[in-house]
Structure formats: structure tokens, C-alpha cells
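Morning, everyone. Grab a coffee and have a look at this one with me.

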Amino acid sequence: MAQYTKHPVAALPAPPERESTGHLMLRAYAVTVLFATFAHSAVYNLLGEVGAGIVLLVFTLATAAIGVPMLARNRPQPFAWRRLPWAALGYTALALVSVAWSQWRGPTLLTWALLASITVNALFIAHALTWHDIVRALSSAFKWILGLSLLLELWVSLFVRGPILPNFFLVPEGEKIDPQWYWVRGNLLDGGRVQGIVGNANLLAIICVFAILTFGILFAARARRRTMLALWMLVAAFFLFRASSATAYASAAAAVVVLVAALLMRRATTPGHRTRIYVVCAAAVVVGAAALWALQGPLLALLGRSSDLTGRSDLIWGKVLERAGTHPVFGNGFSSPWVPTDPAFDGWIVDHNITVFHAHNMWLDVLLQLGAVGVALMAVAYLSLLWRSWFLAVDRPRWDLEVDRPYSALTLLPSLFTVVLLVQGYAESTPIMLWGWMLLVLLSFKIKSVPLVGVGLSERARVTDHGERRRRVP
């Protein structure tokens with residue numbers, strides 16, 4: 001039995017520090033938001049357009065209901081207004097103002113509501129959670145996506161034995177439907193490309209890249225249950241291989257290059273050593289880019305892709321540039337994604353009898369919508385994130401006179417994610433919408449407001465079940 005002193009001066013014994021129920025619920029809510037954002041297409045396929053819109057509205061209202069009282073009480077810290085990602089917010093403001101000259105005002109207002117909702121949720125997560133919590137929340141969201149994808153693919157392959165349409169509808173017998181409309185094609189056991197719950201092989205593949213990076217960082221940080229992390233990495237690697245996405249492979253390769261460069265920079269002991277590493281890495285990037293450009297035909301053929309990136313350069317990019325040229329400065333009006341049912345987009349660019357809903361290149365998409373001004377704001381937003389995330393990864397943590405503190409594996413994650421987004425942005429537009437925009441705003445705000453993992457009020461403060469605020473030494 002525990003013994004307690006009754007000495008009038010001695011303080012009462014404190015219970016072991018633990019996360020409060022409220023904090024656990026907050027992180028669980030963040031996991032739900034991240035899951036719904038990364039697997040938005042699954043929500044769309046399950047609930048339809050109206051249902052997906054209702055889910056988005058519910059999350060936005062819930063975030064406001066949770067976040068406003070936190071701001072009023074300055075918890076877990078005062079909101080860092082001056083540290084906001086102003087370039088990204090400027091882009092959001094320009095997107096709203098573009099309704100004044102938009103060629104498609106309905107889609108502008110509709111998709112801006114989506115952009116604003118994602119922005120609010122990203123700012124909330126960055127403010128409310130620590131770096132450790134954010135990485136753990138991302139890990140949990142990716143586990144849910146991968147686990148449900150595996151279950152759905154197994155169910156379709158073993159029991160349905162054929163493709164399924166959105167809302168779990170089966171393909172009517174004798175009716176020919178373009179496979180692009182399928183939610184899951186049932187290819188898990190026959191060697192074809194798998195799509196998972198997100199219903200798109202390319203999207204599943206890039207999520208697998210993010211998942212492998214997240215699980216690997218947690219494994220290197222010696223998180224709990226490392227064996228399970230290793231198993232989840234194998235699941236993600238399996239899906240990445242079976243999704244067979246050239247864009248995802250290129251993004252993963254770029255992340256590996258950046259990871260090696262960052263680890264080399266961490267081992268550098270003098271400024272001259274760092275300079276030599278920069279020179280060697282720059283030369284390697286130039287040579288590698290030249291080799292990829294020269295061998296892009298054979299490499300794409302090896303992956304089963306055409307030299308025009310599956311019709312992007314001929315079918316899509318040319319038409320996007322042509323329309324962007326009509327309003328080159330401020331663009332034609334915001335719409336990310338394009339709304340296929342709107343007359344401005346319906347039948348404009350058609351692939352596999354389906355109206356295309358984005359430019360398959362983030363920079364061309366921004367140029368079409370918000371012109372050169374939008375491209376400049378987006379470039380500033382991404383380049384500033386790349387700059388800050390790189391030095392977060394390679395600089396030794398320091399907030400006082402001590403200069404030899406160990407590096408944290410978690411500081412590698414923002415730079416790796418940013419590089420993946422930038423490489424993917426060459427062939428996809430997702431880095432400027434939904435989860436791509438979520439990561440841009442979340443990471444930008446978090447790095448600016450808390451530039452050191454484990455340091456600062458939001459990183460060190462916890463509220464226990466007894467209502468006491470405690471601090472942990474970094």
C-alpha cells in the first residue's frame with residue numbers, strides 16, 4: 001500500500017504524467033479529419049457528391065466549435081497570428097476574389113468553400129497538436145486507409161469476384177462500362193493494378209509513399225510497437241508496387257535522394273564540408289535529371305506508360321495552355337478541382353469518355369485559374385516551405401548555448417513530404433487541392449510557429465486528468 005506523508009509543508013504527491021482524455025480525443029479527431037481528407041474520394045464514392053459535401057461541412061463546423069474556445073483560452077498556446085503561412089493565405093484570398101472575373105462563378109464559389117475548409121482544418125491541427133502528435137495522427141490515418149483498402153480488395157476479389165461501382169453497386173450482367181468508373185476492379189489476386197478504398201491507383205500509390213515515409217520516420221525515432229510499424233511499411237510497399245504509378249515511383253526516388261542528402265548534411269562537421277556536399281548533390285541532381293530526360297521513353301515504356309505521360313502533354317496540357325493564354329495575368333477564375341458538370345468544363349477535355357477535372361500539372365492548373373499572379377503566390381508558398389523544412393531537417397536543434405544536441409528523426413518528415421508534393425505536381429494537380437493543400441498549410445504553419453521539435457509551449461505543455469499544466473524537458 002502506498003504511504004503518504006502528512007507533513008504540512010510537503011506537497012501532495014503528483015500522479016504520473018499522462019495525456020488527458022481531452023487531448024486523446026483531440027488527436028482522434030485530427031486522425032478522422034486527416035483520414036477524410038486523404039481518402040476524400042472514398043467518401044465521395046460511398047456517400048456521393050451531396051454526402052461528401054455534408055461530411056466536409058460537419059468537419060468544418062466541428063473544427064470551429066473546438067477551435068474557437070481554444071483560441072479564447074490561449075490553449076495550448078496563444079495563436080501565432082504573425083507566423084501564419086501568408087503566401088498560402090494570399091492564394092486563398094485571391095481564389096475568392098477571382099469570382100469577380102471568373103468565367104465559371106458557380107464552380108469558383110463551390111470549390112473555394114472546399115479550399116477554405118481544408119485551410120481552416122490544417123491551421124487548427126497545426127495549432128492544437130505537437131509535432132509528435134501530428135506525425136502519429138498521420139500514421140494512424142494512413143493505417144486506416146491501408147487497412148480498409150486491403151479488406152475491401154480482399155472482399156471484392158474473394159466474394160464479389162468482379163469489379164464494383166461506387167456505393168457498392170455491382171456491374172449489371174452483360175452491360176459494358178468503362179473501367180474508369182469502377183471503384184474497385186478486383187485485381188488483387190490476378191496481378192492487375194489495385195485501387196484500394198480511394199478508387200484510384202495513382203492516388204493509392206502516392207498515399208503509400210507518404211505512409212512509408214511516416215512509418216519509417218517513426219521507426220527511426222524508436223516509437224512504440226516498431227514491429228507493427230515494419231509490418232505496415234510492408235503493406236504500404238506492397239500496395240505501392242501493385243498500384244504501379246510512375247509518378248509515385250518518381251516521387252519516392254526523389255524522397256530517397258533528399259533523405260540521403262539530409263543525412264549526409266547532418267554528418268558534416270564544418271561549413272566547408274557542407275559546401276562540398278551541396279556541390280556534389282547539385283551535380284548529381286543535374287546529371288540524374290539529364291539522364292531521366294534522355295531515357296524517359298524507355299523508362300516510361302518499362303512502366304507501361306506512353307512517352308506523352310498517358311496523353312497529358314498532347315490531350316490536356318496543350319488545351320490548358322491555350323485557355324490560360326486568354327487571361328494570363330489573373331487567370332480565368334478559381335476552380336480546384338474543375339466541376340465536370342459546369343458548361344465551361346463539360347466535354348472540354350475528355351479522356352476515356354470522362355470529362356477531365358484537373359490539368360494533371362499543378363503549375364498549369366494555377367496558371368489557368370489564377371494566372372501569373374497565382375503562380376507567383378503558389379511558388380512562394382512551396383519554395384518557402386521547402387527552404388524552412390530543409391533547414392529544419394539538417395540544422396542541429398539549438399535554443400541556448402548547448403550546440404551538440406542530437407537530431408530528431410521527426411524533423412526529416414516535412415522536407416520529404418514537400419519534395420514528394422513538388423515532384424507529383426509535375427503530373428498531377430493534387431498538391432494544390434485536398435490533402436496536398438492540407439499538407440502545405442499544415443507544415444508551413446507548424447514550422448513557422450514551432451521551428452524546433454520538442455521546444456515551445458505547444459510542444460512541452462500537457463493537461464493532465466487532474467487539470468494541472470505540466471512541462472516536460474525536451
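I'll start with the whole chain, then go to one helix, and end on cysteines.

Quick housekeeping: this is a predicted model, where local features need pLDDT of at least 70, side-chain atom pairs count only at pLDDT 80 or more, and totals for chains, interfaces and linings use all residues. Numbering runs from 1 along each chain as its sequence is written, and side-chain values use heavy atoms, with hydrogens and water left out.

So, the overall picture. The protein has 15 helices and six strands; those are DSSP runs numbered from the N terminus, H or I of at least four residues for helices, E of at least two for strands. Of its 474 residues, 47% count as buried, and buried is under 20% relative accessible area, exposed over 50%, partly exposed in between, with a 1.4 Å probe and protein chains only.

Now helix H7, residues 226-243. Its 18 residues should span 26 Å, taking 1.5 Å times one less than the number of residues. The end C-alpha atoms are 25 Å apart, which agrees. Which residues of H7 are buried? Leu-229, Ala-236, Phe-239, Leu-240, Arg-242 and Ala-243. Their cover includes helices H5 (131-160), H6 (201-220) and H8 (246-267). Right after H7 comes Ser-244, with a positive phi near 50°.

Last, the cysteines. How many disulfides are there? Zero, counting a pair of cysteine sulfur atoms within 2.5 Å. Cys-208 counts as buried because its relative accessibility is 0%, while Cys-281, at 24%, counts as partly exposed.

Conventions:
Contact = heavy atoms within 4.5 Å.
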